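Open your viewer and keep the selection box handy. We will go from stop to stop, choosing something to select and then looking at what is there.

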Amino acid sequence: METTEKDILRGGQFLVKETKCEDVFTLEDLNEEQKMMRESTKEFVDRELWAHWERFEKKDYAYTEECMGKAGELGLLSIAVPEAYGGMGMGFVSTMLVCDYISGATGSFSTAFGAHTGIGTMPITLYGTEEQKQKYVPKLATGEWFGAYCLTEPGAGSDANSGKTKAVLSDDGKYYSITGQKMWISNAGFCNMFIVFARIEDDKNITGFIVENDPENGISLGDEEKKLGIHSSSTRQVFFSDTKVPVENMLSERGNGFKIAMNALNVGRIKLAAACLEAQRRVVNEATKYANERIQFKTPIINFGAIKAKIADMATNAYVDEAACYRAAKNIEDRIAIREASGNSHQEAELKGVEEYAIECSILKVAVSEHVQHTTDEGIQVFGGMGFSADTPMESAWRDARISRIYEGTNEINRMLSVGMLVKKAMKGHVDLLGPATAVGEELMGIPSFETPDFSELLSEEKDLIARLKKVFLMVAGSAVQKFGPDLEKHQMLLMAASDILIQIYMAESAILRTEKNAKRFGEEAQAAQIAMSKLYLYRAVDIIQQKAKEGIVSFAEGDEQRMMLMGLKRFTKYTNQPNVVELRTQIADKVAADSGYTFD
Ligand SMILES: Cc1cc2nc3c(=O)[nH]c(=O)nc-3n(C[C@H](O)[C@H](O)[C@H](O)COP(=O)(O)OP(=O)(O)OC[C@H]3O[C@@H](n4cnc5c(N)ncnc54)[C@H](O)[C@@H]3O)c2cc1C
C-alpha cells in the first residue's frame, strides 16, 4: 500500500502526536532483499575487517584503503547512489542497514566508509549538476575514486561558516583559485577528490567546490594526525595554494555552501548513529562470551548481579537505538517517496526528505554516540584487566567510539540544534507546539484526576507515561520560550536540559512502539526480553527527565509558578506500578547470557 502524506508524521511531530505501533518500521520488518544485504555485509566485515582488527590498530592505512576497494567491488559503496550514476539506487533503510553492519569491527573503516559514501559523495548526488554527477558519481560509487570533505579549518570548527579559505575568480572567468588550510580531513591520505568549502570575496556564506586531488595543482597534505582512536582512518590537514578549479566545478550556487555542508551533515548524522549500532552489538557479544567463561570465586562472572546489570544495560541501549534509527530511516524513505510521487526529482526529494527529519537526525546522533561510548566502557569493565589490554578488542572499541561525540557536529551543537530546530518549526507553523503547550498549562492549573487508571494491557502504562513525558517537555520548553523569546539560544544550559528530555522521549517511545508491534505479531512470550528492555529504558529515561526538567524549572521559575511546575513534573513522571528494575535487568541479562550475545536484531 502506498504511503501518503497524512500517514506519516512530519519531523518533530512525534512530540505532539501519538504514533501507532503499526506505523513504525522496525528491524523485524526488513524484506528478503534487505536481509540478504545485511548478511553479505556481515560476511564482508567478518572476513576482511574483524579478522584483521589488529592491523587497524597498527595504523595500517593502506589496509583501510584496500578494504574500501574491496567494499567497492562488492557494491557496498553504491547502495545510496542512483542507478543512473552506476549505483544500486536502494532506499534509505537499505543505506542505513549497510552503514550499520559495516561499522562494527573497527571505527577506522567505518569513518573511511562514512566520509566517502556520505559527506564525500552526497554533496554531488544532492546538489551536483547533471554533468558533475555523470563525471564523478560513477567513479565514487565503484570505489575507483575515493572522496573526502573539507569543511573544518584551524579557526573554523563548530563555527563552520567562518572559514578563511578563499576562492578567487580568474580574470577570464574560467576558473577559481582556491587558497586555504583545511584540518581534520578524513580520507585525505588516499582520496582522489575533495568537496571543498571556500569563500568568494566577502560573501556572507561559503561556497562548495568539487576539487580533484592533484599535487601538481597546489594541493599538499600534512602528516597523519596522531589520534586517540580510529588509528587507520587517514586524517590529515589539506593545504590549497592557488589551486585552480574550473567554474563548472562549483557545487550549486555561489554562497550556497553552508546549506550544502549542513544538509550533507544531516544525512551524515543519522548514518553515524547507524554506524554505532553494530559496534554495540559486537561489544555485547564479546562481553557476554567473556563473562560466561571467566571464572572468579569459582563461578562464571556472568552470575554476579553487578555484571548482569551491565550486560542488561548494554543490550538495552543497542535495542533502543536500533528501534529509533530504523523508525527515523523509514520516515525519511517514505517522505522521499511521497515527494517523488508529487513530482520532485529524486535529488530534490532526497534533500527535502532528510531535511524534514533533521531534528530526529540530531537526536539520534547524540543518543547513539553516547550509548556506544557507555557500552564500550562497560565492555572494558566486564573484561577487567584484560579490558585494559590492547590484546583484546575492547580497548580499541572504547577509543574508536570516542570520536562519534565530536565529528558530524559535536554533541553540544547537535543538542542545541535539536531544540532550536523544533522551536523554529513551531514558529513556522510546521509543528503545532503552542496548542499542546497551552493545554499543558491549563492542565497544570486544573485539579488532577484521582482515578486509578487501567493499565492491564501490555505496555499501556508505559505509553501513558510517554504521553506525559511529552507534557514535561512542553511545560519546560514552552515556558522557557515564553520567558526568553529569541534570547533562549543564549541560555545554553537550559537548552541542554531540554534537549536531553527530547532525546529520552524519542528513544524510549521508539523502543516501546517496536516492542508493542512485535508483541502483537510474534506474541508476548517471544518478546519477553524486549518488553523488559523497553521498560528498563523508560525507567532510566524517566529518571533523566525528572532531573533535567527540575534543573530547567528552578533556573527560570520562582515561587508559586515554580511550585506548580514541580508538582506537574511529579504528576507527569509518576508510575502507578513501579517497575522492578532488578528483575528486569536479571531477565534481560539471563536471556543475553543464554544466547551468548545479542540476538535481538
Ligand atoms: C578524527 C576526526 C575526523 C574528522 N573528519 C572531518 C572531515 O572529514 N571533514 C571535516 O570537515 N571535518 C572533520 N572533522 C572535524 C570535526 O567535524 C570538528 O572537529 C568538529 O566539528 C568540532 O570542531 P572543533 O574541533 O574545531 O571544536 P570546537 O568547535 O572548537 O569545539 C570545542 C568545544 O566547544 C564546544 N562548542 C563550540 N561552539 C559552541 C557553541 N556555540 N556553544 C556551545 N559549545 C560550543 C564544542 O561542542 C566542543 O565541546 C574531523 C575531526 C576529527 C577529530
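## Stop one: the ligand

Select serine 158 together with the ligand: a polar side-chain atom of this serine sits 2.6 Å from a ligand oxygen atom. Bear in mind as you look that this is a predicted model.

Next, add glutamate 412, where a polar side-chain atom lies 2.7 Å from an oxygen atom of the ligand. Then pick tryptophan 184 and show its backbone, since the atom to find here is a backbone N or O, 2.8 Å from a nitrogen atom of the ligand.

How much of the ligand's accessible area does the protein cover? On its own the ligand has 970 Å² of accessible area, and the protein covers 67% of that.

Now colour by secondary structure. Two or more residues of the shell around the ligand come from β3 (175-186), and α15 (411-428) likewise gives two or more.

Widen the selection to the 18 residues around the ligand; those that come nearest are Thr152, Ser158, Trp184, Thr410 and Glu412. Coloured by residue type, the shell shows 10 nonpolar, six polar and two charged residues.

## Stop two: a loop glycine

Select glycine 409, which you will find in the loop between α14 (393-401) and α15. Add leucine 265 and compare the two C-alpha atoms: they are 7.7 Å apart in space, although 144 residues separate glycine 409 and leucine 265 in sequence.

Which residues does glycine 409 touch, leaving aside its neighbours within four places in sequence? Show Arg269, Lys365 and Asn414, the contacts of glycine 409 on that basis.

## Stop three: two crossing helices

Finally, select residues 358-383, helix α12, and residues 492-522, helix α18. Their axes lie 10 Å apart, and the helices pack at an angle of about 90°, which means α12 is roughly perpendicular to α18.

To see the contact itself, show these side chains:

- From α12: Ile359, Glu360, Ile363, Leu364, Val366, Ala367 and Val368.
- From α18: Leu502, Ile503, Tyr506 and Met507.

Colour this contact by residue type as well: between α12 and α18 there are 10 nonpolar residues, no polar ones and one charged.

Methods:
Residues numbered from 1 in each chain as written. Predicted model: local features only at pLDDT ≥ 70, side-chain atom pairs only at ≥ 80, totals over all residues. Heavy atoms only, no water. Near = heavy atom within 4 Å. Polar contact = N/O pair within 3.5 Å; in protein donor to acceptor, adjacent residues only side chain to side chain. Areas by Shrake-Rupley, 256 points an atom, 1.4 Å probe, with all protein chains shown as cover. Helix = DSSP H or I, 4+ residues; strand = E, 2+ residues; numbered from the N terminus. Nonpolar A, V, L, I, M, F, W, Y, C, P; charged D, E, K, R; others polar. Axes fitted to C-alpha atoms, helices over the stretch in contact; angles between N-to-C directions. Parallel < 35°, antiparallel > 145°, perpendicular 65-115°, else oblique. Contact = heavy atoms within 4.5 Å.
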